[in-house]
Every structure is written in C-alpha cells, then in structure tokens.
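Subject: Structure handover

Hello,

Here is the structure you asked about, with the sequence. My notes on the salt bridges and on one further residue follow below.

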Amino acid sequence: MMAGKARFTPEAGGIRFSESGILTLGAVVMNAARDYRFEIVGPDRFLVFFDDGRLFHDAQLSDDGAACVTHDCAPDLYRGRYRMDGPDRWRLSWRVTGPRKDLVIATVFSRA
C-alpha cells in the first residue's frame with residue numbers, strides 16, 4: 001500500500017505529474033516517488049511520458065471516462081485502465097505480468 005500525494009503542475013508542452021508517499025510492502029516501509037509528463041493532444045486523448053522523455057503510453061478516453069492502455073517493458077507487460085469518476089476523483093489500475101512479475105496495482109486519486 002502507498003499513501004501520499006500527487007500534484008499536477010503546468011509546464012511547457014504539457015503537465016508535470018509528480019507522486020510521492022510512503023510505500024509499505026509487508027514489513028518493508030520506504031519512501032517512493034515518480035514523475036511523468038502528460039501531454040494533452042485532444043479533448044479526450046493524452047500521452048504520458050517518463051521523466052526521461054520516453055513515451056509510456058497513449059490514452060484515449062471513451063464516452064464513459066475510461067481508457068485502456070498498455071506498456072511493453074520486455075519481458076514484462078503492463079496493462080492499465082484509467083477511470084474518470086468526476087472532476088475531483090480518478091482511478092488508475094495496472095495488471096503487470098512477466099517472468100518474475102504477477103501483480104495488480106490499483107490507485108485512487110482524490111482532490112484534497
């Protein structure tokens with residue numbers, strides 16, 4: 001489980017998304033953080049880039065506010081789903097599979 005904060009900050013060509021918090025995996029507790037850049041390319045489409053500029057995935061929201069995305073990080077495969085619950089809440093879940101990975105990551109983001 002991770003509890004923390006996420007922040008969107010406008011920047012040239014997009015929006016910086018920064019998340020940080022405390023990650024607890026069993027008895028192990030550690031700080032965790034990650035940055036991405038979102039680039040809005042249409043009224044319901046956005047690209048997500050790693051902080052080093054590599055494309056992470058392309059998301060196209062459907063009429064019901066959901067988008068399915070994939071990221072091939074050989075030998076692992078990440079299958080994600082965005083779900084917009086409204087202007088103040090959204091969800092992102094990942095199903096990660098590979099030779100040494102088999103997990104689900106589920107995140108709920110709510111405006112503070």
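Is E39 buried, exposed or partly exposed? With a relative accessible area of 24%, E39 is partly exposed. Please keep in mind throughout that this is a predicted model.

Salt bridges

The search covered the whole structure and came back with 10 salt bridges. E39 takes part in one of them, with R37 as its partner. The closest N and O atoms of that pair are 3.4 Å apart.

A second salt bridge joins the side chains of R83 and D64, at 3.9 Å from N to O. R83 belongs to strand β7, which runs over residues 76–86, while D64 sits in the loop between β5 (55–60) and β6 (66–73), so this pair ties together parts that are 19 residues apart in sequence. Both partners have some exposure: R83 is partly exposed with a relative accessible area of 26%, and D64 is partly exposed with 45%.

D76 and K101 form another salt bridge, where the closest N and O atoms are 3.2 Å apart. Here strand β7 supplies D76, and the loop between β8 (89–97) and β9 (102–110) supplies K101, so the pair ties together parts that are 25 residues apart in sequence. D76 has a relative accessibility of 9% and counts as buried, because the cut-off for buried is under 20%. K101, in contrast, is partly exposed, with a relative accessible area of 32%.

There is also a network: D85, R89 and R91 are joined into one by salt bridges that share partners.

A residue in β5

Where does A59 lie? A59 is part of strand β5. Its relative accessibility is 0%, so A59 counts as buried.

Which residues does A59 touch, leaving aside those up to four places away in sequence? The contacts of A59 are D44, R45, F46, A67, V69 and Y82. As for I40, that residue and A59 are 19 residues apart in sequence, and their C-alpha atoms are 9.7 Å apart in space.

If you want to look at the model yourself, the two pairs that involve strand β7 are R83 with D64 and D76 with K101. After those, A59 can be viewed together with its contacts, among them F46 and Y82.

Regards

Technical notes: Residues are numbered from 1 along each chain as its sequence is written. This is a predicted model: local features need pLDDT of at least 70, side-chain atom pairs count only at pLDDT 80 or more; totals for chains, interfaces and linings use all residues. Side-chain values use heavy atoms; hydrogens and water are left out. A salt bridge is a side-chain nitrogen of Lys or Arg within 4 Å of a carboxyl oxygen of Asp or Glu. Buried means under 20% relative accessible area, exposed over 50%, partly exposed in between (1.4 Å probe, protein chains only). Helices (H or I, at least four residues) and strands (E, at least two) are DSSP runs, numbered from the N terminus. Contact means heavy atoms within 4.5 Å.
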